[in-house]
Amino acid sequence: MENNLNTPLTPNTIMGDKERLDELINYLVQQILADIEDLTPVVIIGIQRGGFCLAKRIAKKIEEKISTKVPVGSLSTTLFRDDFSQPHGYLHLEGSTLIPFSIDKRTVILVDDVLSAGRTIRAAIDELLHYGRPSKINVACLIDRGGREIPIQPNYCAWKPTVESLPKNLWINVKFQEIDGTDEIVIEERKEPILTEPEFYADKFKLHDKTITNQFEEQLEKYPRYWKHKDLIGLRYLSPQEIYLILNMTPIFLKFFTQADAPKKLYVLQGRAVIHWFHEPSTRTYISFDLAAKRLGADTLSLSSAMSSEKKGETLHDTLSNIEAMRTDITIVRHRCSGVPKLLAEKHRSHIINAGDGQNEHPTQGLLDLYTMLQHIRKIRNDPYADLKDVNVTIIGDILHSRVARSNIWGLLNLGAKVTLCGPETLLPKSFEQLGVRTTTSLKEALSNADIIYALRIQLERQARGLFPSIREYIKLYRIDKDSIKFAPDHAVVMHPGPINRDIELATEIADSPRSLILQQVTHGVAVRMAVLNILAKSEMR
Ligand code: CP
């Protein structure tokens, strides 16, 4: 197509109007029809968002010309981009992927509005191949802007302006009525704000209160990259900004792995080796971390203490040095002794994630709980910006021995929530009050203003040590059941880290009721852990 670019390349130059756009689309359709005789096996898939608009218009024009229905799908390539894990703020989750037909043995016409470096097309091809095996993939673009980094050429191209050199700060933006309210081709200045990640997620996903964003800005000098840890040892070491960084990234991963039409695997951790090193039993944490790592494309291996050379007297440090000598990247550690993950983190190269250490902390449990609480509060307040400030959380049970309680206390206090601890005196030392929480032995008092009721597992082994008189008495005084829950406001929901002792700390009628968020916690756990793994893997690059 002839190049009618005779205006200087300055920002806001309009290179084409509605008619010009239509003319270019007609030219693309002409090329496709001239190239493909039999359109029966053809499907058109547009890259969100401009490419998808274009794909629909191309399909409509083809259908008008030859009365053949051409299936149209969309691809949202963000999570497949090779720069997805880079700590910059340019990436958007652009629309969603929807391919409601088989692409096996079909000719796919992959459509984008402007082709430049080729990296979007590469990401799109990567993603597409998760949906099936087409016999052919042809690329159609409205405008070939040049500046290719990857050897991809369009099969159909409506316009390749003979622009000697379009400076990198200028780009061609194709506007579509459906997205922008107008059809236009315009030269724009690339204004990529240098956003930090928290600002980016806050901005793009509007997930938390503006005050938090302001706090980020205030802290800019102090936290130039926000996440300043090699490891995740405990929530006591994280700032509110760092906690929100994880919580704000979580819905991206949640959407990804719960969305029915999404492929189940990403490549954010491709080539990384993640080691699960569990010295205590686990169902939720282990499976959740393993799924999270696998869904991010990592290779995972697990080592239990029963199977390791610790049995022959090898020290923990020696074991980890040997594992790391095999160039592993992330080590997820659960240990019965408080402090083991921290000790390992101080001496070793890999990113250490504490999956629960003794009575100390269980930070990813705390994070998934915070995320679940945040979603509940936003839902009942009908406010997508709500945060946890002044939210009343009551934690009930064996506080003394609970790493889950400690991580929740640190995290909740960090985010401005009000925490009440409740349980028998022997399991609830007054010293906790020094942290800034309220303590009470009265369940009625503890529940009276609770937004969230968090029941802890009664560690039955403690009863043998006489730390509470009898299970029957515990049930009578502290069980959350249909009678005791009446002390709480109607909007209060019930959470539990699992495993549950059914009908001891929590009655089945409540655990399985609509007021229970327990299985939601577990689902959120995978997404939270994907966010943690992603952030830690990136911290290596810093
Ligand atoms: N909540 C929790 O840590 O469960 P697991 O012990 O099954 O991992």
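These notes cover the ligand site of this predicted model.

1. **Neighbours of the ligand.** Nine names make up the surroundings: Ser-282, Thr-283, Arg-284, Thr-285, Arg-334, His-362, Gln-365, Pro-497 and Gly-498. Sorted by class, this shell holds 6 polar, 2 charged and 1 nonpolar residues.

2. **Polar contacts and burial.** Thr-285 has a side-chain N or O atom 2.6 Å from an oxygen atom of the ligand. The side chain of Arg-334 places an N or O atom 2.9 Å from a ligand oxygen. At Gly-498 the partner is a polar backbone atom, 3.3 Å from a nitrogen atom of the ligand. The ligand taken alone exposes 260 Å², and the protein buries 91% of that.

3. **Where the ligand sits.** The ligand takes up space in the second largest pocket. That pocket encloses about 580 Å³. Its lining counts 25 residues, and Arg-334, Arg-403, Arg-457, Gly-498 and Pro-499 are the closest to the pocket centre. Two of these names recur from the contacts above: Arg-334 and Gly-498.

4. **Make-up of the lining.** By class, the pocket lining has 11 polar, 9 charged and 5 nonpolar residues. Which helices each supply at least two residues of this lining? They are H8 (284-295), H12 (403-414) and H14 (460-464).

5. **Linking the two views.** Arg-284 and Thr-285 are among the residues around the ligand, and helix H8 spans 284-295. Arg-403 is among the lining residues closest to the pocket centre, and helix H12 spans 403-414.

Terms used:
Residues numbered from 1 in each chain as written. Predicted model: local features only at pLDDT ≥ 70, side-chain atom pairs only at ≥ 80, totals over all residues. Heavy atoms only, no water. Near = heavy atom within 4 Å. Polar contact = N/O pair within 3.5 Å; in protein donor to acceptor, adjacent residues only side chain to side chain. Areas by Shrake-Rupley, 256 points an atom, 1.4 Å probe, with all protein chains shown as cover. 1 Å grid on protein atoms, 1.4 Å probe; cavity = no way out; pocket = protein on both sides within 12 Å on 5 of 7 lines; lining within 4 Å. Sits in = over half its atoms within 2 Å of the grid points. Nonpolar A, V, L, I, M, F, W, Y, C, P; charged D, E, K, R; others polar. Points joined across faces, edges and corners; volume = space filled by probe spheres on them. Helix = DSSP H or I, 4+ residues; strand = E, 2+ residues; numbered from the N terminus.
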